[in-house]
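Colleague: Could we go through this model together? I have some questions about individual residues.

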Amino acid sequence: MSTVPHCPVCESTYTYEDRNLYVCPECAHEWSQDEVIDTADNAALVTDANGNVLEEGDTVSVIKDLKVKGSSLVVKVGTRVKNIRLVTGDHDIDCKIDGIGAMKLKSQFVKKV
């Protein structure tokens, strides 16, 4: 069984090899095997609002007021969050904020301290 990667554009599982290229029949995107290696390395990188790479255990600062869903609480601008954990998904950061508790944040709303 071959291990052909999913399409990087539409995430289709029906991709196939054509000589030295991978082809997606659903969106017609074509890419080389070299690009697959590059995107796999970049997928693991999580960056803040300024483009700095975040790592496990970093301290970040919130750059805009964030309403806490299902609550009347607000995470204020400038709130420092220590010892972050990086996770996969829409919200990249798993953390604990003093006075609020455990939450998930999007990396686009924080900057590295």
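Colleague: Where is Thr-15 placed, relative to the strands?

Modeller: Happy to help! This is a predicted model, where local features need pLDDT of at least 70, side-chain atom pairs count only at pLDDT 80 or more, and totals for chains, interfaces and linings use all residues. Residues are numbered from 1 along each chain as its sequence is written, and side-chain values use heavy atoms, leaving out hydrogens and water. Strands are DSSP runs of E with at least two residues, numbered from the N terminus. Thr-15 lies in the segment before strand S1 (16–18).

Colleague: Which backbone oxygen does the side chain of Thr-15 reach?

Modeller: Thr-15 is buried (under 20% relative accessible area, 1.4 Å probe, protein chains only), with a value of 10%. Its contacts (heavy atoms within 4.5 Å), leaving aside neighbours within four places in sequence, include Val-4, Pro-5 and Trp-31. At 2.6 Å, the side chain reaches the backbone oxygen of Pro-5.

Colleague: What is the angle between the planes of Tyr-22 and Trp-31?

Modeller: Rings of Phe, Tyr and Trp (its six-membered ring) pair if their centres lie within 6.5 Å; planes under 30 degrees apart are stacked, over 60 edge-to-face, and the rest tilted. That rule gives one aromatic pair. Tyr-22 and Trp-31 form this tilted pair, 5.8 Å centre to centre, with an angle between the planes of 40°.

Colleague: Is Val-62 buried or exposed?

Modeller: Val-62 sits in strand S6 (residues 60–62). It touches Val-75, Phe-109 and Val-110, among others, not counting residues up to four places away in sequence. Because its relative accessible area is 2%, Val-62 counts as buried.

Technical notes: Helix = DSSP H or I, 4+ residues; strand = E, 2+ residues; numbered from the N terminus. Buried < 20%, exposed > 50% of the residue type's maximum accessible area, 1.4 Å probe, protein only. Polar contact = N/O pair within 3.5 Å; in protein donor to acceptor, adjacent residues only side chain to side chain.
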